[in-house]
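Visitor: I am a first-year student, and I would like a close look at a single part of this structure. Could you take me through it slowly and tell me how that part sits within the rest?

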Amino acid sequence: MAVPKRKTSKARRDKRRSSVWKLSSPALCKCTHCGHLKAPHRVCPNCGYYRNREVVSVED
């Protein structure tokens, strides 16, 4: 059975793990109705439209 010859230091271990926890920016797309940035496959919070239909009525 393979056994490590030396103990892996905390610094070396943490350097290896550092790239795992990077956050990715949220995906955004433009609303086809008003041009406001919104999450894909979600109702636009600005105008209430989804796939060129008014789903939620939004008061001004």
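What follows is a careful walk that begins with the chain as a whole, visits the helix, and then stays with the strands and loops.

Guide: Please keep in mind from the start that this is a predicted model. The protein holds 1 helix and 4 strands, and from the N terminus on these elements run in the order α-β-β-β-β. The radius of gyration is 23 Å, well over the 10 Å that the globule rule gives for 60 residues, so the protein is more spread out than a compact globule. The box that the C-alpha atoms fill, taken along the principal axes, is roughly 65 × 25 × 15 Å. Of the 60 residues, 8% count as buried.

Let us begin with the helix. Helix 1 covers residues 10-17, and arginine 17 belongs to it. Arginine 17 counts as partly exposed because its relative accessibility is 43%, which lies between the 20% limit for buried and the 50% limit for exposed. Arg17 also takes part in a positive surface patch, which it forms with Arg12, Lys15 and Arg16.

Aspartate 14 lies in helix 1 as well, and it is one partner in a salt bridge with arginine 13, where the closest N and O atoms are 3.1 Å apart. That distance satisfies the rule for a salt bridge, because the rule asks for a side-chain nitrogen of Lys or Arg within 4 Å of a carboxyl oxygen of Asp or Glu. By this rule the count for the structure comes to 1 salt bridge. Both partners are partly exposed, since arginine 13 has a relative accessible area of 29% and aspartate 14 has one of 39%. To see how aspartate 14 is placed with respect to another part of the chain, one can compare it with glycine 48: the two are 34 residues apart in sequence, and their C-alpha atoms are 45 Å apart in space.

Now we can come to the part I would like you to study with the most patience, which is the set of loops and strands. Cysteine 31 is found in the loop between strand 1, residues 29-30, and strand 2. Cysteine 31 is buried, because its relative accessible area is 7% and the limit for buried is under 20%. From cysteine 31 we can look across to the loop between strand 2 (37-38) and strand 3 (49-50), where arginine 42 has its place. Although cysteine 31 and arginine 42 are 11 residues apart in sequence, their C-alpha atoms are 9.8 Å apart in space. Arginine 42 counts as exposed, because its relative accessibility of 51% is over the 50% limit.

Valine 43 is likewise found in the loop between strand 2 and strand 3. Measuring along the chain from cysteine 31 to valine 43 gives 12 residues, while the C-alpha to C-alpha distance is 8.9 Å. Valine 43 is partly exposed, with a relative accessible area of 34%, and together with Val55, Val56 and Val58 it forms a nonpolar patch on the surface, whose accessible area comes to about 280 Å².

The next loop, between strand 3 and strand 4, includes arginine 51 and asparagine 52. Here the backbone deserves a pause, because the question of which residues take a positive phi can be asked of each of them in turn. Phi of arginine 51 is near 55°, a positive value in a residue other than glycine, and asparagine 52 has a positive phi of about 60° although it, too, is not a glycine. Arginine 51 is exposed, with a relative accessible area of 66%, and asparagine 52 is exposed with one of 59%.

Finally, serine 57 has its place in the segment after strand 4, which covers residues 53-54. Serine 57 is exposed, with a relative accessible area of 63%. If you look from serine 57 back to arginine 12, you cross 45 residues in sequence and 55 Å in space, taken from C-alpha to C-alpha. Arginine 12, as we saw, belongs to the positive surface patch, so this last view takes you back to where the walk through the helix began.

Terms used:
Residues numbered from 1 in each chain as written. Predicted model: local features only at pLDDT ≥ 70, side-chain atom pairs only at ≥ 80, totals over all residues. Heavy atoms only, no water. Patch = residues over 30% accessible without salt bridge, like charges linked within 9 Å, V, L, I, M, F, W, Y side chains within 5 Å. Areas by Shrake-Rupley, 256 points an atom, 1.4 Å probe, with all protein chains shown as cover. Lys, Arg positive; Asp, Glu negative; His and termini not counted. Charge placed at Lys NZ, Arg CZ, Asp CG, Glu CD. Helix = DSSP H or I, 4+ residues; strand = E, 2+ residues; numbered from the N terminus. Buried < 20%, exposed > 50% of the residue type's maximum accessible area, 1.4 Å probe, protein only. Rg over C-alpha atoms; globule rule 2.2 N^0.38 Å.
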